[in-house]
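Here are my notes on the model you sent round. I've kept them as numbered points so you can check each one against the structure on screen.

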Amino acid sequence: MTSTLTISRLTKHFAGVDALTDVSLTVAPGECVALLGHNGAGKSTMMKIILGLIPATSGQVLVCGASPGSASARNQVAYLPENVAFHPALTGEEQLRHYLRLRGQDAKQALPLLARVGLGDAARRRIGTYSKGMRQRVGLAQALIGTPRLLVLDEPTSGLDPVSRREFYALLADLTKQGASILLSSHALTEVEARTDRIVILSKGRMVAEGTLGDLRRSADLPVMLHVTARNGYAPEIAKALPAAIQVGAALHLTCPQTEKLAVFGQIANLGDKVADLEVLPPSLEDIYSHFSTRAMQ
C-alpha cells in the first residue's frame with residue numbers, strides 16, 4: 001500500500017542549529033501516528049516542511065506522492081494549528097462558508113461540517129462568543145474541507161474539555177476508517193497512548209524511538225508493576241512467597257523486569273485463592289517517553 005506521507009533522511013539546518021537530522025518516517029492510509037518530543041525537538045519544523053512552508057536542507061518528503069507545497073499536495077493535506085484564529089465578528093457558518101469558497105467547494109457544506117464537529121447549535125453565533133475549545137472545533141471543521149488524505153494536527157485538543165476530547169478522537173477514528181492518514185503532535189501523552197497506531201519520539205532533531213506502544217515497551221525494557229491483593233489473613237503468606245514485594249496492609253506491590261514477567265505471574269497463580277486480585281501496570285507512555293528522551297539527552 002502506497003504511503004500517504006513518506007519522509008526519507010530529512011535534514012534541516014538553520015543558522016547554527018540542527019533542527020532535524022536524518023529523520024525517516026512513513027504514514028500509511030488509515031493510520032494515526034503521534035509525534036512526540038520536547039519543545040525544540042523538531043516537531044514544528046517537520047510539520048512546516050510537510051506543509052511546504054519551509055524547504056528541507058536535504059532529504060526527501062512526499063505528500064500523497066507529490067512535493068510539499070505543490071498544488072497536488074495542498075489539495076490533499078489539511079492542517080490544524082494549536083492556536084486557531086478566526087474573525088470574531090463572523091459566525092461559525094459564515095467563517096466556514098468563506099473557507100469553502102476559497103477551496104472551490106459548495107458553501108452549503110458549512111452547516112454539515114460544523115454539525116460533524118459538534119457545533120451545529122452554535123453555527124449562527126459569532127465566533128467572538130466561542131470558547132477556545134469551540135474555536136478549535138471550527139478549525140477542525142475547516143481542516144475537513146475537501147476530504148483530505150493527510151491531516152497534520154498540532155496539539156489539536158488544546159482547550160478542549162475531557163468530553164470534547166473523547167468526541168474529537170472518536171472523529172479522528174472515523175476519519176482513519178475512511179482511509180485518511182493523521183500525523184498528530186501532542187504533549188498530552190495519556191491521550192495519545194491508546195488512540196494512535198504508532199508513536200514517533202524526537203529529541204534534539206533526531207528520531208530516538210518509533211513503533212507501536214508495545215514495540216516501545218519492549219525496546220525500553222522498563223519494569224512492570226504488579227499489585228497483589230490478598231484475601232483476609234493471607235498477606236503474610238503471600239509476602240513470604242514473593243520476598244521482593246512491599247506489603248501495605250492486605251496489598252503487596254512489586255516490580256519485575258519484562259523478561260521475568262511470566263515467571264512472576266506463575267508464582268502468583270500458584271498461590272491460588274489466597275490472592276483476591278492482581279493488577280498489572282505496564283510502563284506508561286509517559287514512562288517510555290521519559291526513558292528515550294533522557295537517554296538521548298545524555
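1. Let's begin with helix α6, residues 162–177, bearing in mind that this is a predicted model. With 16 residues at 1.5 Å a residue, α6 should span 22 Å, and its end C-alpha atoms sit 23 Å apart, so the expected and modelled values agree.

2. Which residues of α6 are buried? They are Ser-164, Phe-168, Tyr-169, Leu-171, Leu-172, Leu-175 and Thr-176. Looking down the axis of α6, you'll find these buried residues within an arc of 155°, so they line one face of the helix. Turn to the other side of α6 and you get the exposed Pro-162, Val-163, Arg-166 and Lys-177.

3. What do the buried residues of α6 pack against? Quite a list: the strands β3 (32–37), β6 (150–154) and β7 (181–185), plus the helices α4 (110–116), α5 (132–143) and α7 (189–192). As for how the helix is laid down, α6 lies across β3, β6 and β7, and runs at about 145° to β7.

4. Have a look at the two ends of α6 as well. At the start of the helix, a side-chain oxygen of Asp-161 comes to within 3.0 Å of the backbone nitrogen of Val-163. Just after α6, Gly-179 has a positive phi of about 105°.

5. Now for the sheet under discussion. It is an open sheet of six strands, ordered β5-β6-β7-β3-β8-β9, with mixed pairing. The edges are taken by β5 (77–80) and β9 (206–211), each of which pairs on one side only. From one strand to the next, the twist averages 15°.

6. One pair in that sheet is worth zooming in on. β6 and β7 run parallel and are joined by five bridges. Leu-153 stands opposite Leu-184 of β7.

7. There's another sheet to look at. Three strands make up this open one, in the order β2-β1-β4, and the pairing is antiparallel. At its edges are β2 (17–27) and β4 (58–63); each has a single partner strand, so one side of each is left without a neighbour in the sheet. Here the twist averages 20° from one strand to the next.

8. Within the three-strand sheet, strand β1 (residues 5–14) pairs with β4 over five bridges, in the antiparallel sense. If you want a residue to click on, Ser-8 has Gln-60 in β4 as its bridge partner. Helix α1 (residues 43–50) packs on this sheet and touches β1, β2 and β4, its direction making about 115° with that of β1.

9. A quick word on a loop residue. Where is Thr-129 found? In the loop between α4 and α5. Its relative accessible area is 48%, so Thr-129 is classed as partly exposed, given that exposed starts over 50%. Thr-91 is 38 residues away along the chain, yet the C-alpha atoms of Thr-129 and Thr-91 are separated by 9.2 Å.

10. Finally, the whole chain. The chain contains eleven helices and 13 strands, and its C-alpha trace spans about 75 × 50 × 35 Å along the principal axes. Of the 298 residues, 44% are buried. Among contacts with a separation of 6 or more, 70% come from residues 24 or more positions apart.

Methods:
Residues are numbered from 1 along each chain as its sequence is written. This is a predicted model: local features need pLDDT of at least 70, side-chain atom pairs count only at pLDDT 80 or more; totals for chains, interfaces and linings use all residues. Side-chain values use heavy atoms; hydrogens and water are left out. Helices (H or I, at least four residues) and strands (E, at least two) are DSSP runs, numbered from the N terminus. The expected span of a helix is 1.5 Å times one less than its number of residues. Buried means under 20% relative accessible area, exposed over 50%, partly exposed in between (1.4 Å probe, protein chains only). The arc is that of the directions from the helix axis to the C-beta atoms. Contact means heavy atoms within 4.5 Å. A polar contact is a pair of N or O atoms within 3.5 Å; within protein, one must be able to donate a hydrogen and the other to accept it, and residues adjacent in sequence count only if both atoms are side-chain atoms. Two strands pair if DSSP finds at least two bridges between them. Axes are lines fitted to C-alpha atoms, for helices over the stretch in contact, and angles run from 0 to 180 degrees between N-to-C directions.
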